Amino acid sequence: MKKTALLSSFAFLLLVTVVAAQRPADAPATAPAGKAPDSVFIEDLTWAEVRDMVAAGTTTVIIGTAGTEQKGPHMVDGEHKFVMEFAADKIARGLGKTLVAPVITYVPEGSWENPGGHMGKPGTITLPDDRFIELLVNAGRSLKSGGFTTILFLGESGGNTNGMRAAVTRLNELFATQAAATPAAATPAAPTQASAPARAFWIGDYYTKSHNDQNAYITKTMGIPANEIGGHANLLDTSEMLFVNPKHVRRNKLAPGGGYQNSGVSGDPSKSSAELGKIFIQIKVDNALAQIKGLLAGTIEPAAPPAARGGGAGGRQGGDPAQAAAAGAPAAPPAPRPPTMDTAPAAISPTQPPDTVFIDELTWEETRDLMKAGKTTVIIPTGGTEKNGYHMVLGKHNFIVTFAANQMARQLKNALVAPTIQYVPEGNPDRSGPGIISHPSPAYDQLLDAAARSLKAHGFKDIIFIGDSGGNQGGMRAVAAALNKEWEGTGYRVFALTDYYEQGRDDYRAWMLKTHGFDDATVGSHAGISDTSQLLYVRPAGVRKDQIKPWGGPRDSGVSGDPAKGTAEIGKAGVDFKINAGIRQYEALKKTLK
């Protein structure tokens, strides 16, 4: 009995010691954020900075949709992303009190089963309309629950239009239902930002009106008839990229019509210039600002909801076979098609790819030629936009996993990297905190599925998922298992490298305990030594060093462990452990997965 009492006393003292070693009992419940950097991008801000901005009236947010699509022999597949990031920044600053969510790079681009158009060129990635809409709706729900009351959708591509309009309709119906379900007695006399009514808007003038105005400018000032301007990878797109990011234009490949039939170019990009690009982007920014201000003032009516459309499969030619079967039609599987790396037209001059493994920094010709040279493995990184204490930005996982995917691809020597997926499971989208964005399963799984199917259509044989957050792993496993079953015997394989996160984390922790003498409580499990060190190594600007507090500081920090002990040197080891664990798992699975 005495022995039991002594053991109980010892256990109690140990518990008190561990708790005291983590966060002082008198730690404040909350605290103001430090000084935020001069950025409108949510990924570049901490959750506390976003929280305080929202409380101070920054309640408008832009969700920009871009795409990963062929842009002719002379321009990289990520052109829409680079232009949208630039323009969204200008629009947010022009409006004031506006932030920008991570730009969405997975959008509708056509069929993966019968690839033509943009999907007929290696590197393009498509997300069917119905899955695209779910992504937009979950983003809008998350941002609304974090306190944003005006949610603006802008698109860099015509194929994004119907999905954005449909998402706006669904969100406004949802917001109205939520507002009606809130009892009057439950609404505070002075409404909080989270309880204020929210509205979503599609800003169509950014794309449609601007293209018309740009074409009119070209005809008036350059004398080019409207029917000769073209509609893709032309004078407009190329000039904008020359202004925003000129290194992503291959000037030696500029030619009318791309230089040959079916090059992916409509129009003559050879007349492009950065000076024109500045004018064209300003037209888009001005049109967007005018429409937004008119919508908010009530002087412009919102666009009507899109007409109902059948199907919704997007990635399939002619709709979903399951829907056809339900309607009584036979659901014959599509005939196998050669990969686009073999069917896309031959270039008329050699390509000279830059030193990059990122698909969105390559032209479609460069991607095709790299694949033919043996780079038929592709990595799809998944990150996250989540709370990381007072001292780390919301985009921590996106920055770390992008860095790691680059290193992994270079070590494998036969791999390229798809755009990082920043929208992942983070819980209930209607209960997200400031700046946190959740895209839960099954919608997240369907995004992974679409990315894998798109890349398979081009001829990538080994498709690898890596995830930098625990919530990403289940969907990766499920999608890999389903696709491997479906594709058995085809030579195409999907690898969910969960060891990148799970085994890499365990190896990293064991090394820290042994090498640095930390205990488990000090290492922690979120935004502590591990995460802080990795971000200090990968992107030190994403760490607010003046906000690093032992055990995270205030009780609402969400920190587990002591980030004050983090260093860039420790972070390098952590990233290396994850990469090495992922590669070991890949090599082992290749021997068993036929």
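**A guided look at a sheet and its salt bridges**

Colleague: I see that Asp462 has Arg493 as its bridge partner in β8. What joins β7 to strand β8?

Modeller: Please keep in mind that this model is predicted. The general idea is that strands of a sheet pair through backbone hydrogen bonds, in either a parallel or an antiparallel way. Here, β7 and β8 (residues 493-496) run parallel and are joined by four bridges. To get from β7 to β8, the chain passes through helix α15 (residues 473-486), and this β-α-β crossover is right-handed. Another place to look is Phe465, whose bridge partner in β8 is Ala496.

Colleague: Which residue stands opposite Phe465 in β7?

Modeller: That is Ile380. The strands behind this are β5 (residues 377-382) and β7, which pair in the parallel sense over six bridges.

Colleague: What order do the strands of the open sheet have?

Modeller: Read across the sheet, the four strands come as β6-β5-β7-β8, with parallel pairing. The edges are taken by β6 (415-417) and β8; each has a single partner strand, so one side of each lacks a neighbour in the sheet. On average, neighbouring strands are turned by 25 degrees against each other, with direction ignored.

Colleague: Is β7 buried or exposed, judging by its six residues?

Modeller: Buried here means under 20% relative accessible area. All six of the six residues of β7 (residues 462-467) are buried, so the strand is largely enclosed by the rest of the structure. You can check the two faces in turn: Asp462, Ile464 and Ile466 are buried on one side, and Ile463, Phe465 and Gly467 are buried on the other.

Colleague: Which strands does α15 lie across?

Modeller: Helix α15 lies across β5, β7 and β8, and runs at about 160 degrees to β8. Helix α19 also lies across β5, β7 and β8, running at about 140 degrees to β8.

Colleague: Now for charges. How many salt bridges does the structure hold?

Modeller: As a general idea, side chains of opposite charge can pair when their charged atoms come close. This structure holds 35 salt bridges. One of them joins Lys372 and Asp342, with the closest N and O atoms 3.1 Å apart. It links distant parts of the chain, since Lys372 sits in helix α12 (residues 364-372) and Asp342 in helix α11 (residues 340-343), 30 residues apart. Asp342 is partly exposed, at 46% relative accessible area.

Colleague: What separates Arg453 and Asp449 in helix α14?

Modeller: About one helical turn, because they are four residues apart in α14 (residues 443-458). Their side chains meet in a salt bridge at 2.9 Å, N to O. Arg453 and Asp449 are both buried.

Colleague: Are Lys590 and Glu587 buried or partly exposed?

Modeller: Lys590 counts as partly exposed at 27% relative accessibility, and Glu587 is partly exposed at 33%. These two side chains form a salt bridge of 3.3 Å, N to O. They are three residues apart in helix α19 (residues 568-592), so about one helical turn separates them. Elsewhere, Glu69, Lys71, Glu79 and Asp237 are joined into one network by salt bridges that share partners.

How values were computed. Residues are numbered from 1 along each chain as its sequence is written. This is a predicted model: local features need pLDDT of at least 70, side-chain atom pairs count only at pLDDT 80 or more; totals for chains, interfaces and linings use all residues. Side-chain values use heavy atoms; hydrogens and water are left out. Buried means under 20% relative accessible area, exposed over 50%, partly exposed in between (1.4 Å probe, protein chains only). Two strands pair if DSSP finds at least two bridges between them. A crossover is right-handed if, with the strands pointing away from the viewer, the path from the first strand over the helix to the second runs clockwise. A salt bridge is a side-chain nitrogen of Lys or Arg within 4 Å of a carboxyl oxygen of Asp or Glu. Axes are lines fitted to C-alpha atoms, for helices over the stretch in contact, and angles run from 0 to 180 degrees between N-to-C directions. Contact means heavy atoms within 4.5 Å.
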